[in-house]
Amino acid sequence: RDGMSWHLTSFFLIAQMAGAGFLSLPMALNNTGWLGVPMMIVFCVAVGYSGTRLGICWVILEERWPEEYAIPIRQPYMEIADKALGKHGRRTALWCVLLTLIGGSTVYIILVSQLTSAIAGDDALSVCEFVIIYGLCLLPFTWLGTPKDFWQASIIAVTATVIACAVVFIELFVAHVDDPLIQYPNPSISSFSLGFGAILFAFGGASTFPTIQNDMRDRSDFWKSVVVAFLGILTVYLPVAVAGYGLLGNTVSSNILLAVGDNTVVVVAIVTEVLNLLGTYLITFNPISQTFEEMLNIPGKFGPKRMALRSSVVLIEILICLAIPDFGLILNLIGGSTVTLCSFILPPIMYMKLVDDCSNPNWPKRNIPLWERITLWEIVIVGAIGGICSTVSSIIAILNPDSFGASCFADFT
C-alpha cells in the first residue's frame with residue numbers, strides 16, 4: 001500500500017507539535033517556576049506514551065473491523081472514540097479535536113503576523129493587517145488533499161524549527177547582560193495553571209495523530225514515529241526553555257524569538273520560523289477540513305464544495321485572530337482544555353476500553369498489565385486536575401477588560 005514511511009511520519013509529528021510550542025515555553029517556566037522543567041519532561045513522556053496507545057487503538061480497529069478500516073478514514077480520532085466510548089464519546093472527541101485544531105491554527109496565523117510585523121518595522125503594516133493578508137494567502141493552499149499531498153511542508157517545518165531554536169539559544173547567551181532587577185518569583189496558583197496549559201499545548205498534537213497515521217504505509221509502525229518525534233521535540237524544547245527563563249527571568253516575553261535582538265541572524269531565524277508556522281498551519285488545518293467535509297457529506301476530491309467549505313473555515317479563523325490577537329491567551333486556553341482532553345484524558349481511556357472489550361470471541365486477545373493500567377489512570381488524573389485549573393485561569397485572563405482593549409476591531413474603529 002502506498003503511504004508514508006515511519007521516518008517521514010516522524011517529521012510530520014514534529015512539525016505539527018513544534019510550530020508554536022517552543023516560542024512560549026520560557027514564559028511558561030516564568031509562570032511555573034523551575035518546577036516547569038521536570039513538568040516538561042513528565043508531560044513529554046506522558047503525552048508520548050498516550051500517543052503510542054492512540055496508535056495501537058487504530059491498529060485494534062483494523063484488526064477487528066478490517067473491511068471498514070482498510071482504506072483511509074477522514075475522521076480516525078472520532079472513529080476510535082466511537083468504537084471505544086459510543087456515540088456520546090464520538091461527539092465529545094469531535095468537538096475537542098475541532099476546537100483544538102481551530103485554536104491551534106489561529107495561534108499560527110497570529111504568530112506569523114506578529115513575527116512579520118516585528119521584522120517589517122514600526123512603519124509597516126500592523127499585526128492585525130498582516131493577519132488578514134496571511135489568512136487570504138494561505139486560503140488556496142488549504143484546498144490540498146491529505147498530509148501526503150504536501151509532505152514537503154513537514155521537512156520545511158522541522159528544519160525551520162531547528163534553525164530558529166539554535167539561533168534563539170545562541171543569541172540568548174551572546175546578548176545577555178547581567179541585570180540585578182531580574183527575579184525568579186514563586187508562582188501563584190493562577191500563574192502555575194497558565195504555565196501548565198502552555199506546556200501542554202507544546203506537546204499537544206495527539207488530535208492529529210490518527211489522521212497522520214492513516215497516511216502511513218504500515219500503520220502498526222506508528223509507535224516508532226511517536227518515540228522519535230517526542231525525543232526530537234524534547235531535545236529542541238529544553239535548551240530554549242531553560243536558557244530563556246534562566247537568563248531573562250521574570251523579564252522574559254511571551255514570544256522568546258522577539259526577545260533576542262534584531263540582528264541579521266535573528267531576522268533569518270524569524271523568517272525560517274514563519275515558514276515553519278506556515279507549513280504547520282497546513283498540516284494542522286487538514287484534519288479540520290476533513291472533519292467538516294465528512295459531517296457535510298462533501299466528496300473527498302478537489303472541487304467547488306471543498307473550496308467553499310475550507311475557505312469559510314479560514315475566514316472564521318481570521319475573525320478569531322482579529323478578535324483575540326494575543327496568541328498567549330488562546331494558547332493557554334486550548335492547552336488547558338481541549339488539548340488536555342485529546343492528549344491526556346481520552347487516549348488512555350479509549351485504549352483501555354478497546355482492550356477490555358471482549359464482546360467478540362474471534363477478536364485477537366490483548367491484555368493491559370497492572371503497571372500500565374495504573375500509569376494510564378495517573379496520566380488521566382493529572383491531566384484532569386491540571387486541565388481544569390488551567391482552563392479556569394485562562395478564561396479569567398481572557399475576560400480581563402485589558403484583553404478586550406487589544407482587539408483588532410478596536411484598532412480598526
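A residue counts as buried when its relative accessible area is under 20%. Keep that cut-off in mind as we walk through this structure, which is a predicted model.

Let's try the rule out on a proline. Pro287 has a relative accessibility of 4%, so it counts as buried. You'll find Pro287 in helix H10. What does Pro287 touch, once residues up to four places away in sequence are set aside? The answer is Leu101, Thr208 and Thr211. Pro287 also shows how a chain brings distant parts of its sequence together: Pro287 and Arg74 are 213 residues apart in sequence, yet their C-alpha atoms are 7.6 Å apart in space.

Now zoom out to the whole chain. How many helices and strands does the chain have? The count is 16 helices and 0 strands. Measured out along the principal axes, the C-alpha atoms fill a box of roughly 70 × 50 × 40 Å. For 413 residues, a compact globule would have a radius of gyration near 22 Å, and the chain has 21 Å, so the two agree. Of those 413 residues, 57% count as buried, just like our proline. And what we saw with Pro287 and Arg74 has a counterpart in the overall contacts: among contacts with a separation of 6 or more, 84% are between residues 24 or more positions apart.

What about the outside? The accessible surface comes to about 17000 Å², and carbon and sulfur atoms make up 68% of that. As for charges, the chain carries 20 positive and 29 negative side chains, with the centres of the two sets lying 17 Å apart.

Next, let's go inside. The largest nonpolar core has 130 residues, and the members that touch the most others are Tyr77, Phe203, Tyr237 and Met350. Which helix gives this core its largest share? That's helix H4, residues 76-120, with 19 residues. Take a look at Phe203 in particular. Leaving out residues up to four places away in sequence, Phe203 touches Met17, Met40, Phe43, Cys44, Val47, Phe230, Ile233, Leu234 and Tyr237.

Leu346 is another good stop. Leu346 lies in helix H13, which covers residues 338-356. With a relative accessible area of 8%, Leu346 falls below the cut-off and is therefore buried. Beyond its neighbours within four places in sequence, Leu346 is in contact with Tyr77, Leu85, Ala93 and Leu341. Leu346 also has a far-off partner in sequence: Ala81 is 265 residues away along the chain, but the two C-alpha atoms are 8.1 Å apart in space.

Then hop over to helix H1, residues 6-18, which is the place of Thr9. Is Thr9 buried or exposed? Thr9 has a relative accessible area of 0%, so it is buried. Setting aside residues up to four places away in sequence, Thr9 touches Met4, Ile212, Met216, Phe222 and Ser225.

Finally, here's a contrast. Asn297 sits in the loop between helix H10 (264-295) and helix H11 (304-323). A residue is called exposed when its relative accessible area is over 50%, and Asn297 is exposed because it reaches 67%. The backbone of Asn297 is worth a glance too: its phi is near 60°, a positive value in a residue other than glycine. So we end with an exposed loop residue, having begun with a buried proline in helix H10.

Technical notes
Residues numbered from 1 in each chain as written. Predicted model: local features only at pLDDT ≥ 70, side-chain atom pairs only at ≥ 80, totals over all residues. Heavy atoms only, no water. Helix = DSSP H or I, 4+ residues; strand = E, 2+ residues; numbered from the N terminus. Rg over C-alpha atoms; globule rule 2.2 N^0.38 Å. Buried < 20%, exposed > 50% of the residue type's maximum accessible area, 1.4 Å probe, protein only. Contact = heavy atoms within 4.5 Å. Areas by Shrake-Rupley, 256 points an atom, 1.4 Å probe, with all protein chains shown as cover. Lys, Arg positive; Asp, Glu negative; His and termini not counted. Charge placed at Lys NZ, Arg CZ, Asp CG, Glu CD. Core = buried A, V, L, I, M, F, W, Y, C linked by side-chain atoms within 4.5 Å.
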